[in-house]
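Me: I've got a structure open here and want to know what stands behind the labels people put on it. Can you take me through a few?

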Amino acid sequence: MRRAVCPGSFDPVTNGHLDIIGRASRLFDEVIVGVLVNQSKQGLFTVEERITMLREVTSSYDNVRVESFRGLLVDFCRDQQASVLIKGLRAVSDFDYELQMAQMNIGLAGVETLFMPTNPLYSFLSSSLVKDVAKWGGDISAHVPDLVRDQLQTRLRP
């Protein structure tokens, strides 16, 4: 079985993330969305809330599942029996960082990284930008699923 991991914090998941997950689901038998538990960083949503949202918005994909992980990503890949990481790239600046990580991951555990260029519709999109726009009352409906938009509006409402 060809299995890949699509890792991230997904705080919150955006349409850009979903584009990469959906495209990866057509290339692999199974895609595991790995939600990073980073105890040194406080997210807007808890890991459990992010997992719930991700499971809801990826429910149309029969071969996608969502799990959390802490520690080294390559250890999570080994635990999941996945030999490939999927990383979306928005710009050259993403590549500079992700290339270093990919080289470390292959050196540590032989885990390959597949870089997927983002759809141009989402090339500027990030979870941080979505949160900032939502915080100030901007319309984020084109950038996140309705469920996420509603959760953001509820969470950020003064």
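Reply: Sure. Keep in mind that this is a predicted model. A place to start is Met 104, which sits in helix H4, residues 92-109.

Me: What makes Met 104 part of a nonpolar patch on the surface?

Reply: Met 104 is grouped there with Leu 72 and Leu 108, and together they have about 300 Å² of accessible area. To join a patch, a residue needs over 30% relative accessible area and no salt bridge, and nonpolar side chains are linked within 5 Å. Leu 72, Met 104 and Leu 108 form such a patch, so they pass that test.

Me: Why is the contact between Glu 30 and Arg 3 called a salt bridge?

Reply: The N to O distance between their side chains is 2.6 Å. The cut-off is 4 Å between a side-chain nitrogen of Lys or Arg and a carboxyl oxygen of Asp or Glu, so this pair qualifies. Glu 30 lies in strand E2 (residues 30-36) and Arg 3 in strand E1, so the pair ties together parts that are 27 residues apart in sequence. By this rule the count comes to 13 salt bridges.

Me: Which residues lie nearest the centre of the largest pocket?

Reply: Pro 7, Gly 8, Ser 9, Phe 10 and Lys 87, out of 48 lining residues. A residue counts as lining when it has an atom within 4 Å of a pocket point, so those 48 meet that condition. The space inside is about 1400 Å³. Helix H4 gives the most to the lining, with eight residues. Other elements that supply at least two residues include strand E1 (3-8), helix H1 (15-27) and strand E4 (84-89).

Me: How do you know what kind of residues make up that lining?

Reply: They divide into 22 nonpolar, 18 polar and eight charged. Gly counts as polar in this scheme, so Gly 8 goes with the polar ones.

Me: What is unusual about the backbone in the loop between E1 and H1?

Reply: Phe 10 lies in that loop and has a positive phi of about 50 degrees although it is not a glycine. Pro 12 is in the loop too, and a cis peptide bond joins Asp 11 to Pro 12, with omega about 5 degrees.

Definitions and conventions
Residues numbered from 1 in each chain as written. Predicted model: local features only at pLDDT ≥ 70, side-chain atom pairs only at ≥ 80, totals over all residues. Heavy atoms only, no water. Patch = residues over 30% accessible without salt bridge, like charges linked within 9 Å, V, L, I, M, F, W, Y side chains within 5 Å. Areas by Shrake-Rupley, 256 points an atom, 1.4 Å probe, with all protein chains shown as cover. Helix = DSSP H or I, 4+ residues; strand = E, 2+ residues; numbered from the N terminus. 1 Å grid on protein atoms, 1.4 Å probe; cavity = no way out; pocket = protein on both sides within 12 Å on 5 of 7 lines; lining within 4 Å. Points joined across faces, edges and corners; volume = space filled by probe spheres on them.
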